[in-house]
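Biologist: I'd like to walk through one piece of this model with you. Can you put it up on the screen?

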Amino acid sequence: MHNQRRYPYVTIPPGASPLPNPSPLQSYPYEIEHNAPSGDLSNPWDRTPTALNPNGRPGELRSRSRTRSAYEPIPPTISFPEPELHRFASQRTTLHPHSPRHRPSKSDDGHGTLPPSRDHVASAPFTPVTPDSASSIHYLPEDDWEAPVNQLTRELSNVSLHSEEGLRRFQTGRLAEKDEEWHRLVPAEAREALGKKEVERQSVLFELFKSERDYVEDLKLVTEVFIEPLQFANPPVIAPDKLRSFIYEVFYNLGPITVHHEHMLAALFERQLDQHPLVQSVTDIVLETCFQFQSDYESYIKHYPLAEERHRTELSRNKSYQAFMQKCSQDPRVRKRDMITFLSRPVTRLPRLHLILEHIYKITQPGHPDLEDLPLLLSILSDFLKSTQPGIAAAENRVKYWNVCESLTMPKGEIIDLDWYNESRSLVYSGPVARRSKSEMDWHPWTDLFVALLDNYLLLTKEERGVGGILKRYITSRPIPLEYLKLGSFDGQPESRKERSEEGGILDSLRAQYKPIYPFTVYHSADKLIRRYTLYAPTESAREKWRNALIEAKGIDDVRRDANKWFAPQLVDDGTFRSPGAHTPRGFGSKASGRVVNAVSFTAAGGKRLMAVGCATGIYVGSRGDTNFRKILSYGNPSSIIVLQDFNKFIVHHESYLLSYSLDLLARVAMYQAPASSLDASLEKIAGGDGTVLFCSAGRIKQRMIIVYALKSFFQITVHALEACNLSELRRTPSRGSQNAILSFRPFGEALYVPKDAYSVIPLAKTIAISTEKGIVIADPTDTVRQVVSVVPDFSGAASNTDMADLKTRCEDAKPLGLIRAESGEILVIYDTLGCYITKHGVPSRKNGFIRWETKATSFAHRGSHVLLFSSEFIEIRSLSTGRLDQVIEGNDIRLLLHTNMKSHSVDDTLLVAMRGTKDDKDGVSDKIIELVQTAEFSSMQTPMASTPVEGLWDEWDM
């Protein structure tokens, strides 16, 4: 960075010699030859007398070299003496021992010599340097250089006294605004000697000092006028429990930014005091500070949109906060600026600083070190500002997302969890569209909608302004999850929309205007006809934007969900079990196994894993992963298969009978280790001789393994419960067919009489739940006095509660499927189209709200913290505690393979699902069997998925 420079044209009087122990001024008494042309001042930025002789003020922080670079020393050269014409009296300690000094202030702690505040400095009124006052200086002619210099020194000092006092007033903010310009502090002769370029450069540098001073003052005002009064307000403006978080969200890290700029301002003012009126460079000061404040600025700039929105939200909702802001605006220092102006100061400061430095660079003369240093600083600032743009865009998008979410008004009673508070959620695209009314008699066939595309839902809303101008968006159609969203046509011909003239005249109102609008179609994949929406964009480009946004949002959503599955489908078999298809030869279909209806996994002796599959032609047993399944039992389309691993029982519900076989013998026959006839010897008929078995299930009731089944006889339906027994508990009971028949089950309680419309049963911890058309009956087979506990949900209060009455109407139109205990201490009642939460007493909770499924479920399963709803084309996986839709699995002809494998832990129960396979050839159409494996986060692999029940919570039901 060392340049070869020429020195100023200087006349040195003959016989001049250095003075012994000179003062700072006496060391450089020479002035520029007045007859020298301005062009001979080739480089006025070499070391000045001040750079060689510091002002000697004790205890003050000295800045770096103010010449070529702040990072390397410079050899002494002949200095340009023009600035010495206006040196400060404070720097001539030998001549003015009582000159004003800098007084310490509170802002001096930990940083440089920031000038004292305007309240602590008192001095005489300032009179700017004018050409008239500067003309009182008597310049020595060239032939009088041998005369004493004392008289010249005294005259120069008088001028500097005026200049320094004005500069200090400027730095403390006590100078009149019209005088806060560089040329008002410099004599005309000095400006003429420097030339227009350098005058302009010094004026821009002065603007940098001025803007930095104002910026630091504004940052301090934020604390003095806003933050501190807000903290100590009595009565409190913000609720005490929310005040700390509010201040953090709104003002964020303004404190560290203020400290950085206080340091920089102190260094800038010290440089200005030392080098005025010819400040050579401030690049080193700004560059050093720039490296220090980048991380703090990056955090603040990216957070700023959130801070602004938090302030606006509080302002619109809190009248006390409105009054507080009004009071703050009356402070004269605020100058009628609002809070947003102060919050945005750090965001606009760096671009402003960049512009000033860029201006300085453009007007810097050749040979100046700033020509080498400033490009580096400008590049750093420019790159930093560019790097913050994505963060600002993300924060602004987050603000828009919050605005949309906060303005939404959901349908009454419906619980819709859009996962608002997930930090990864964002607004992809939004805008106005039109929709044609379905009614042909509507005089206004067009409806204006506001459509918002979130990264997980598509929302169709209608905007209305409420009280106080608050914008509300009412959901006009149920939000469509992106998993179910499908795109239709986007290339339809434009249509014309008839609108009235906006000119306001009577005839003009009757004169129609036609505007082209551009249709596009989206629909719900589970309800393609009813939930099909044709929307109209105002322009062709807007329609294209909607198309691109929808495609991008669905693509990102698919990738994200594929990488974060709650249940991972794992293929078990595809091709072994076939049904006749279009390519199957005539007569060959009899060899196919038929449609799979249920399946269950179990473990044979020796630890080998087997699987029993119920099909249209019988029950097949084989090893998992093997295609060689053997038909063991000829019970086609069995209704249920139950495996009691601990009791060595294989139970089959086929048509009107409930039968039991030895599980060990079943496995040995499947592996060709025993003849098929040996299996018949283990057959036990549990029920069906005196009636028709309608349905059955198995579970642990009061710590016992119980088989529950419904038996229809004549005009009544009874529910029976049998307890499975171990070998040691078996007792011999005389039978009509055999004197020594061994029964593996014994009665548990008494038979229960239930309504004729019962269709399923679920064992609970102490009772059983029987699903009927009118609700779910809770009964205890061991309680002979009060068998029927209740019917849930309990809508006894519907007469006086309109919300409960609405929920009752919806539940009566739906089919109950069962109950699941939620982690919140509630019970989720599962219907085919919706779900609702009830207390342990059966009363609806959560303000009688309900959750609507996206599909009509035919069956469900409970695993961990999720409920899985099965329909013919989708498996809908929802959070048990909130109803949030977490995953969707698509397929064709989906079936939950109804089964029960009662092991020691229910989580060990394998969840098997069948759906249409991928093969369709001469062997038939395949059924694919998959296992849904529950996943877990890497950080919580050791955390159990099921919650620990609270002791005593379920004393009545104890689910």
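Biologist: In which sense do strands β31 and β32 pair?

Modeller: Strands here are DSSP runs of E with at least two residues, and helices are runs of H or I with at least four, numbered from the N terminus. Two strands pair if DSSP finds at least two bridges between them. β31 covers residues 827–831 and β32 covers 834–838, with four bridges joining them, and the sense is antiparallel.

Biologist: Which residue in β32 does Ile 827 stand opposite?

Modeller: Before you zoom in, remember that this is a predicted model, where local features need pLDDT of at least 70, side-chain atom pairs count only at 80 or more, and totals for chains, interfaces and linings use all residues. Numbering starts from 1 along each chain as its sequence is written, and side-chain values use heavy atoms, leaving out hydrogens and water. Opposite Ile 827 you'll find Ile 838.

Biologist: Which strands stand at the edges of the sheet, and why is one side of each left without a neighbour?

Modeller: The sheet is open, with four antiparallel strands in the order β30-β31-β32-β33. Each edge strand has a single partner, so one side has no neighbour in the sheet; the two are β30 (816–821) and β33 (850–852).

Biologist: At about what angle does helix α17 run to β32?

Modeller: Axes are lines fitted to C-alpha atoms, for helices over the stretch in contact (heavy atoms within 4.5 Å). Angles between N-to-C directions go from 0 to 180 degrees. Helix α17, residues 802–812, lies across β31, β32 and β33, and its angle to β32 is about 135°.
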